[in-house]
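Hi everyone, thanks for coming. I'll walk you through one structure today, so have a look at the screen while I talk.

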Amino acid sequence: MSSPPPLTVSVVVSSYNYAPYVEEAIRSVLGQTRVPDEIIVVDDGSSDGSPELIRQRFADEPRVRLIEQTNGGQLAAWMTGFAASSGDLILLLDSDDRWSPDYVGRVHEVYQTQPSVDFVYTNMRLFGAVERPMLRDRRDRDLGLSVLLGAYVHRWQGTATSALSLRRTLMARILALPPEMAREWVSRPDDCLIFGGEILGAHKYFIAAPLVEHREHARNALASYQRSTLNKARYVFRSERMLQHYRDVAGITPRWLRLAKMEFRTKPHPTFAELRCYWRLLGEAPMPWLRRLEHRLALVGHYCKGVSR
C-alpha cells in the first residue's frame, strides 16, 4: 500500500514595525531542514522601512512573497496571508521570533503520520529580556479533543503564535468570523486559534521540545496589555464574545456536558488537572446523580490507566 503524498506547508509571517528582527525571522524559516513550500510575509502597514528591507534581502528567494496592506492588526494579517496561501498546513510566525532548524520537520511529521491531528504546537524558549522555556512539560502529549474545555473551562492549551500550526481546513473555519468581530482582534488573536480550534473539534498534539524561540522585549504586545487595566477589560469582553461565537457555530449547549466522559477518554495520558476539570464539568451536567457517579468513576479509571502506561 502506497503512503499518502507529503503534505504541503505554507508559512504566514505577520510583520509590523519589526525591522530589526524580521530578516532573522525569515532566515530561520529558510534554514529549516525541511524548507516550507511557500513563505508569505504580510506587512501590516509598517512605517519603519520593513517592506523595503524584506524586498532588498529576499529579492532572489522565490519562496518568499511579500504582501503589503494598510494597518489592520495581526488577525487581519493572518487572513490576508491565509487567503494567499495554498498549503495543506499553515504555520504562523511573528516577525520578532525565530525557529530552530528542525521545527518544520518535526511538526510536519506529526501531521503526516497522524491524519486525525488538526492542530500542533510546540514548546518555546524565551530569549532576550528573559531566558527560559515557556512551558515545563517534558514529554510530547496527544491532547485528544477539548471541545468542552474550550467551551466551558477556557483552559489555555497552546503557546504563543510562532509555535502554532493548523491544518488548512481548521484554519478556514476559525477565521470565518463576523467582520465586526474580526476587527476587534488587532492583537492577541492566538486566543481565537487556541479556543476556537478546541470548540470546533480540533484534535491537538503538543511537542515538548522548545523548537521555537520567542523574543522577550519591551515592545511585546502582551506587555502593553499587562500595563493597562482598560486594555485588560476590553480584552476580556471581546474574548467572551469570541467564545460565544464559536459555541454558537458548534451548536454547543449545557447538554453537551453529559459528554465529558467521552471527551476525557480521547486523551491517552490525561493529567490530574484535566481530571479535576472534567470532574467539575460532570458536576454541572444535566443527568441523574447515579449516572454522574458512574461517569466520574470512569474518569478516574481512565486517568489511572494513562498514568500506568
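Let's start right at Arg-106, which is partly exposed, with a relative accessibility of 27%. Keep in mind as we go that this is a predicted model. What does the side chain of Arg-106 meet? It meets the side chain of Asp-140 in a salt bridge, at 3.8 Å from N to O. Find Arg-106 in helix H4, residues 103-113, and then find Asp-140 in the loop between strand E7 (132-133) and strand E8 (141-144); these places are 34 residues apart in sequence, so the salt bridge ties together separate parts of the chain. Asp-140 is partly exposed too, and its relative accessible area is 34%.

Okay, next pair. Arg-155 and Glu-274 also have side chains that meet in a salt bridge, this time at 3.6 Å from N to O. Here the two partners are 119 residues apart: Arg-155 sits in the loop between helix H5 (147-153) and strand E9 (164-167), while Glu-274 belongs to helix H12, residues 272-283. Now, is Glu-274 buried or exposed? Glu-274 comes out at a relative accessible area of 0%, so we call it buried. Arg-155, on the other hand, is at 24% and counts as partly exposed. In case you're wondering where the cut-off is, buried means under 20% relative accessible area.

A third pair is Glu-198 with Lys-204, whose side chains form a salt bridge at 2.9 Å, N to O. Glu-198 is buried at 0% relative accessible area, and Lys-204 is buried as well, at 1%.

How many salt bridges does the structure hold? There are 17. Some residues join up into a network of salt bridges: Glu-24, Arg-98, Arg-125, Glu-131, Glu-213 and Arg-215. And while we're on charges, the protein chain carries 41 positive and 35 negative side chains, with the centres of those two sets 9 Å apart.

Let's move to another acidic residue, Glu-263. You'll find Glu-263 in helix H11, residues 260-264, and at 7% relative accessible area it is buried. Which residues does Glu-263 touch, if we skip those up to four places away in sequence? Look for Leu-145, Ser-146, Val-147, Leu-148, Leu-149 and Tyr-278. Take Leu-149 from that list: its C-alpha is 9.3 Å from the C-alpha of Glu-263, although the two are 114 residues apart along the chain.

Pro-101 gives us another example of that. Pro-101 is in the loop between strand E5 (98-99) and H4, and at 48% relative accessibility it counts as partly exposed. Leaving out residues up to four places away in sequence, Pro-101 touches Gly-31, Gln-32 and Thr-33. With Gln-32, the C-alpha atoms are 4.3 Å apart in space, and the sequence separation is 69 residues.

Now a bit of backbone. Most residues other than glycine have a negative phi. Asn-17 isn't a glycine, yet its phi is positive, about 55°. Asn-17 is in the loop between strand E1 (9-15) and helix H1 (19-30), and it counts as buried, with 12% relative accessibility. Arg-188 is another residue other than glycine with a positive phi, near 60°. Arg-188 is also in a loop, between helix H7 (179-182) and helix H8 (190-199), but with a relative accessible area of 22% it is partly exposed.

Let's zoom out to finish. What secondary structure does the protein chain have? It comes to 13 helices and ten strands. The radius of gyration is 20 Å, close to the 19 Å that the globule rule gives for 309 residues, so the chain is as compact as a globular protein of that length. Along its principal axes, the C-alpha trace spans about 70 × 55 × 35 Å.

Buried residues make up 53% of the 309 residues. As for the surface, the chain exposes about 14400 Å², and carbon and sulfur atoms supply 55% of that. One last number is about contacts: take those between residues at least 6 apart in sequence, and 83% of them join residues at least 24 apart. Scroll back to Arg-155 and Glu-274, 119 residues apart, if you want to look at a pair that links distant parts of the chain.

How values were computed:
Residues are numbered from 1 along each chain as its sequence is written. This is a predicted model: local features need pLDDT of at least 70, side-chain atom pairs count only at pLDDT 80 or more; totals for chains, interfaces and linings use all residues. Side-chain values use heavy atoms; hydrogens and water are left out. Helices (H or I, at least four residues) and strands (E, at least two) are DSSP runs, numbered from the N terminus. The radius of gyration is taken over C-alpha atoms; the globule rule is 2.2 Å times the number of residues to the power 0.38. Buried means under 20% relative accessible area, exposed over 50%, partly exposed in between (1.4 Å probe, protein chains only). Contact means heavy atoms within 4.5 Å. Accessible areas come from the Shrake-Rupley method with a 1.4 Å probe; for residues, only the protein chains shown count as cover. Lys and Arg count as positive and Asp and Glu as negative; His and the chain ends are not counted. The place of a charge is taken as NZ of Lys, CZ of Arg, CG of Asp or CD of Glu. A salt bridge is a side-chain nitrogen of Lys or Arg within 4 Å of a carboxyl oxygen of Asp or Glu.
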